[in-house]
Amino acid sequence: MWEFWTSRRGKMVTLGILVLWVAAGCVAYAWTAFGKKPLVILADFLVALALMIALAGLAMRNLFAITRREIGSFFLSPVAWVVMAVFLVAFGAIFYQFLEFASMGPTFYFLSIVMAFTVPMLTMRQIAEERKTGTIEVLTTAPVTDVELVLGKFLGAAVFFLFILLPTAAYVWILYRFSSIGPDKWMLASGYLGTLLLGAFMLSYGLFLSSISREQIVAAVVGSMSLFLLWLLGYFLPMNPPASLTATFWSEVQAAFYHLGSFLAFTRHLEPFSRGEVDSGEIVFFLSFAAFFLFLAVATVSTRKWR
Amino acid sequence: MIQAKNLVKTFGETLAVDHASFHVSEGQIVGFLGPNGAGKTTTLRILTCFMPANEGTATVGSYDVHDEPVAVRRIIGYLPENVPLYAEMKVREYLAYRARLKGIRPRRERQRRVGEAMGRCRVTEVERKQCGQLSKGYRQRVGLADALIHDPKILILDEPTIGLDPNQIRETRRIIKELGSKHTVLLSTHILPEVEMICDHVIIIHEGKIAATGTPAELKQKYSRTSDILLEAEGPQDRIEQTLVAIDGVTSVKRRMEEGRSVFRIETRGQADLRSVISKRLAEKGWPVLELHRRTATLEDIFVSITMREE
């Protein structure tokens, strides 16, 4: 796995990605600090992402081969189409519920619960099925690194996720066409940005679960249930930490748990996006969790000690 | 070309490969023999970098399987035991994908290689079928086409002829023999006549240990302790039998009826060829010899004697 990254070309590419990443971060930070222009940040984010993917593709020549196969298999998978249908119907229903606000902020917030159930169903088969049918053997005995394998699959799922998200542009059009004041375009942009970030987080989490499961259904159920619990945690946890007049040991423990809970509850990190605020800290939260799970997935694939 | 030193692989409590050491020289076709569960597949999986060994080292080409797995994978073509394929992909599409993974660029070259491999393995007629709908024979051949699509230096084939019909088996053997002229081939099998037909060298593995290595001729020399002679002669059968028993080197003589003729099965000690002595003796007595045939141990006998010995 480190073969490429320790080579000269690998180091150059790593450096390039880092520089780009930092640059993108700086630009994003500047915008949040000065202008609060989520649309620009969304565009900047997408450009940086595309550049990173292009660079990664240059560095890992097999990456896109795997991505392409993944996308192809999504389009041939009935589960993926069912997921798409459920996702879009749920999106429409939520949109209708909050229509009176003429805004998609709340829609994005409640979309996260739909995603908790649908995204793990997209990723569940990605590695578990390869293992079950044995195709992992031909895949990992081809000259493919584990990083290429995991990233390629992740990108494939991400592209399909974007494809699922595409028809929701119709709702944006509806808001522009029928709302007298017009929607808050910053809120729209930041909402989509948040959804993309949450998607990256959930897709990588699902991919990791798929890499450790023998049965794809286990990966889906564990993924959905854990994400749903986190969603509930975010919903029911009070907005403010428990107040106590005197700091006792017990109140400190309570406060610690509260902070841990509100850190893990991803809706807390999503909320600013649905209000039209872009916080670079929240971007970092989602991306670092995505990177963390991708890393775990790579580690799981590398230590293939199953029979 | 392939060098394995003291490979050990355990699965929990069971020892699948037990200090296996062997080597395969360039340009050889080597048969990897062993009963089911002897550790053939596991050894091949270690060589193809699918699984790490618990102990020991292996080099393929000049690369270590542990340190440079991607370099190893680049120079090998591997056909796994049950030929896993993506069920939803079409044959041509699958092979093009595999060619791309194996670094064949540009696209035109890829298409050429795919066409060539399909022609060679006779799967062109199913190129538009989904892999999941293929019969066992076609699956096997699509797997073989995948293994040789990038013209690898080393081919590692895990039971390449299993599940094929006799014609396909012959065809596959022909392909393997043809490949053997330019490539190094390591193939596992438990079909013994196949090994005698195509392999230059044999490695017999039993309970995870390398039990014997050598050319088929060497193994026969080494492991056959007795040989049989079959004789059919005209004359008084009882007296013929007495004459045969009296010959030095004969350990036993059995008479049995075969299709209405009586045939003697003479077991002899060691490698000595007693055919000339027998025919002389019978000629002296005036009994014409109708058939005299020496049967040396086949690879099958050797395989059985090696793999049954320890029980």
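**Exercise 1. Domains of chain B**

What distance separates the centres of domain 1 of chain B and domain 2 of chain B, taken over C-alpha atoms?

*Solution.* The structure is a predicted model. Step 1: take the bounds from the domain assignment, which gives domain 1 as 2-221 and domain 2 as 225-295 in chain B. Step 2: take the two centres over C-alpha atoms; the separation is 45 Å.

**Exercise 2. The open sheet of 4 strands**

State the strand order of the open sheet of 4 strands in chain B, identify its edges, and describe the helix that packs on it.

*Solution.* Step 1: the order is 2-1-4-5, with antiparallel pairing. Step 2: strand 2 (14-24) and strand 5 (63-64) of chain B are the edge strands, each pairing on one side only. Step 3: inspect the pairing of strand 1 (residues 2-11) with strand 4 (residues 55-60) of chain B, which is antiparallel and runs over 5 bridges. Here Val8(B) stands opposite Glu55(B) of strand 4. Step 4: helix 1 (residues 40-47) of chain B packs on this sheet and touches strand 1, strand 2 and strand 4 of chain B. The direction of helix 1 makes about 120° with that of strand 1 of chain B.

**Exercise 3. The open sheet of 6 strands**

Determine the order of the open sheet of 6 strands in chain B, and explain what leaves its edge strands with a free side.

*Solution.* Step 1: the order reads 6-7-8-3-9-10, and the pairing is mixed. Step 2: strand 6 and strand 10 of chain B each have a single partner strand, so one side of each lacks a neighbour in the sheet. Step 3: from one strand to the next, the twist averages 15°.

Step 4: examine a parallel pair. Strand 7 (residues 154-158) and strand 8 (residues 184-189) of chain B pair in the parallel sense over 5 bridges, and Leu157(B) has Leu187(B) in strand 8 as its bridge partner. Helix 1 of chain B also packs on this sheet, where it touches strand 3 (29-33), strand 7, strand 8 and strand 9 of chain B. Its direction makes about 150° with that of strand 7 of chain B. Helix 5 of chain B lies across strand 6 and strand 7 of chain B, at about 170° to strand 6.

Step 5: examine an antiparallel pair. Strand 9 (residues 201-206) and strand 10 (residues 209-214) of chain B are joined over 5 bridges in the antiparallel sense, with Lys209(B) of strand 10 as the bridge partner of His206(B). The hairpin of these strands has 2 residues between them, and Glu207(B) takes a positive phi near 50° there.

**Exercise 4. Backbone geometry in the loops**

Locate Val83(B) and Arg122(B), give their phi values, and decide for each whether it is buried or partly exposed.

*Solution.* Step 1: Val83(B) lies in the loop between strand 6 (76-79) and helix 3 of chain B, with phi near 45°, a positive value in a residue other than glycine. Step 2: Val83(B) has 27 other C-beta atoms within 10 Å, and is therefore buried, the cut-off being 20 or more.

Step 3: Arg122(B) is placed in the loop between helix 4 and helix 5 (136-148) of chain B. Its phi, near 55°, is likewise positive in a residue other than glycine. Step 4: with 17 other C-beta atoms within 10 Å, Arg122(B) is partly exposed.

Now find the residues joined by a cis peptide bond and the loop concerned.

*Solution.* Step 1: the bond joins Arg105(B) and Pro106(B), with omega about -5°. Step 2: Pro106(B) is found in the loop between helix 3 (91-101) and helix 4 (107-120) of chain B.

**Exercise 5. Nonpolar cores**

Describe the largest nonpolar core and the contacts of Ala145(B).

*Solution.* Step 1: this core has 149 residues, and those with the most contacts inside it are Val150(A), Phe201(A), Leu95(B) and Ala145(B). Step 2: helix 10 (residues 185-212) of chain A gives the most to the core, with 17 residues. Step 3: leaving aside residues up to four places away in sequence, Ala145(B) touches Leu95(B), Ala117(B), Met118(B), Arg120(B), Cys121(B) and Val123(B). Step 4: another core, of 9 residues, lies apart from the largest one and includes Ile229(B), Leu231(B), Ala233(B) and Ile278(B).

**Exercise 6. The contact between the chains**

How many residues does each chain give to the contact, and which element of chain A gives the largest share of its side?

*Solution.* Step 1: chain A gives 20 residues and chain B gives 22 residues. Step 2: on the side of chain A, helix 3 (63-75) and helix 7 (135-140) are the elements that give two or more residues. Step 3: the largest share, 4 residues, comes from helix 7 of chain A. Step 4: by class, the side of chain A that touches chain B has 6 nonpolar, 8 polar and 6 charged residues.

Note on methods: Residues are numbered from 1 along each chain as its sequence is written. Chains are lettered from A and ligands numbered from 1 in the order in which they are written. This is a predicted model: local features need pLDDT of at least 70, side-chain atom pairs count only at pLDDT 80 or more; totals for chains, interfaces and linings use all residues. A nonpolar core is a set of buried Ala, Val, Leu, Ile, Met, Phe, Trp, Tyr and Cys residues joined through C-beta atoms within 7 Å. A residue is buried if 20 or more other C-beta atoms lie within 10 Å of its own, exposed if 12 or fewer, and partly exposed in between; C-beta atoms are placed from the backbone. Two residues are in contact if their C-beta atoms, placed from the backbone, lie within 7 Å. Ala, Val, Leu, Ile, Met, Phe, Trp, Tyr, Cys and Pro count as nonpolar, Asp, Glu, Lys and Arg as charged, and the others, Gly among them, as polar. Domain bounds come from an automatic or database domain assignment. Two strands pair if DSSP finds at least two bridges between them. Axes are lines fitted to C-alpha atoms, for helices over the stretch in contact, and angles run from 0 to 180 degrees between N-to-C directions.
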